[in-house]
Amino acid sequence: MGRLDDKVAIVTGGARGTGEAIVRRFAEEGAKVLIVDVLDDLGNAVSSELGASVEFVRGDVTSEADWETVPGGERAVGCTRRAREQRRHLAPVSR
Ligand SMILES: NC(=O)c1ccc[n+]([C@@H]2O[C@H](COP(=O)([O-])OP(=O)(O)OC[C@H]3O[C@@H](n4cnc5c(N)ncnc54)[C@H](O)[C@@H]3O)[C@@H](O)[C@H]2O)c1
């Protein structure tokens, strides 16, 4: 029995690198995983390799319109909007 049986995870940036490693580990532990990434080829390849429990949907995390196409993504739309509003109140970083 996996530690993530019956759980569903959305992994943004899951097509490669750290995100991909998270996708693989979560799938090993029994989660159903939805990869949201802008890299179609890599995202689809990871999904195909790992089987039916891992799906890929193309999405740019900064795009509210893209989040609306992600199953369960409607909650992220509000987060994206709030993050943008909070950024407006931050002082610019001087370099
Ligand atoms: N690799 C390291 O050693 C390391 C160390 C410390 C911190 N980090 C940070 O961890 C994060 C991931 O690192 P990584 O090496 O796995 O990077 P990576 O570039 O290999 O992977 C990032 C993934 O995020 C996706 N992505 C980027 N912008 C996106 C967007 N707007 N919408 C959807 N998907 C998007 C990319 O397509 C890619 O698949 C980065 O923020 C990096 O700065 C990495």
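Two strands pair if DSSP finds at least two bridges between them. Helices and strands here are DSSP runs: H or I over at least four residues for a helix, E over at least two for a strand, numbered from the N terminus. Hold on to those two rules. Now to the structure.

This is a predicted model, where local features need pLDDT of at least 70, side-chain atom pairs count only at pLDDT 80 or more, and totals for chains, interfaces and linings use all residues. Residues are numbered from 1 along each chain as its sequence is written.

First, the overview. The protein chain has 4 helices and 3 strands. Read from the N terminus, the elements go β-α-β-α-β-α-α. Along the principal axes, the C-alpha atoms fill a box of roughly 45 × 25 × 25 Å.

Now the sheet. How are the strands ordered? The order is 1-2-3, in an open sheet of 3 strands with parallel pairing. Strand 1 (8-12) and strand 3 (54-58) are the edge strands, and each pairs on one side only. From one strand to the next, the twist averages 20°. For angles, axes are lines fitted to C-alpha atoms, for helices over the stretch in contact, and the angles run from 0 to 180 degrees between N-to-C directions.

Take the pairs in turn. Strand 1 and strand 2 (residues 32-37) run parallel and are joined by 5 bridges. Ile10 has Leu34 of strand 2 as its bridge partner. Val11 has Ile35. Thr12 has Val36. On the other side, strand 2 and strand 3 also pair in the parallel sense, over 5 bridges. There, Leu34 stands opposite Glu55 in strand 3, and Asp37 has Arg58 as its bridge partner. From strand 2 the chain crosses through helix 2 to strand 3, and this β-α-β crossover is right-handed. Right-handed means that, with the strands pointing away from the viewer, the path from the first strand over the helix to the second runs clockwise. Strand 1, helix 1 and strand 2 also make a right-handed β-α-β unit.

Next, the helices on the sheet. Helix 1 lies across strand 1, strand 2 and strand 3, and runs at about 165° to strand 1. Helix 2 (residues 40-50) packs on the sheet and touches strand 2 and strand 3. The direction of helix 2 makes about 165° with that of strand 3. Contact has a cut-off: two residues are in contact if their C-beta atoms, placed from the backbone, lie within 7 Å. Of the contacts in the protein chain with a separation of 6 or more, 33% are between residues 24 or more positions apart.

On to burial. A residue is buried if 20 or more other C-beta atoms lie within 10 Å of its own, exposed if 12 or fewer, and partly exposed in between, with C-beta atoms placed from the backbone. Buried residues are 23% of the 95 in the protein chain. In strand 2, 5 of the 6 residues are buried, so that strand is mostly covered.

Here are three residues to look at. What makes Val36 count as buried? Val36 is buried because 25 other C-beta atoms lie within 10 Å. Val36 sits in strand 2. Leaving aside neighbours within four places in sequence, Val36 is in contact with Ile10, Thr12, Gly14, Val57, Gly59, Val61 and Val70. Gly14 is 22 residues from Val36 in sequence, and 6.5 Å away in space, C-alpha to C-alpha.

Second, Leu50, in helix 2. Leu50 is partly exposed, because 19 other C-beta atoms lie within 10 Å. Arg81 is 31 residues from Leu50 along the chain, and their C-alpha atoms are separated by 33 Å.

Third, Asp6, in the segment before strand 1. Is Asp6 buried or exposed? Asp6 counts as exposed, because there are 8 C-beta neighbours inside 10 Å. Phi of Asp6 is near 70°, a positive value in a residue other than glycine.

Last, the ligand. Which residues come nearest? Of the 13 around the ligand, they are Gly13, Ala15, Gly17, Thr18 and Val61. A residue is near a molecule or strand if its C-beta atom, placed from the backbone, lies within 6 Å of it. Helix 1 (residues 17-28) gives the largest share of that shell, 3 residues. By class, the shell has 4 nonpolar, 6 polar and 3 charged residues. Nonpolar covers Ala, Val, Leu, Ile, Met, Phe, Trp, Tyr, Cys and Pro; charged covers Asp, Glu, Lys and Arg; the others, Gly among them, count as polar.
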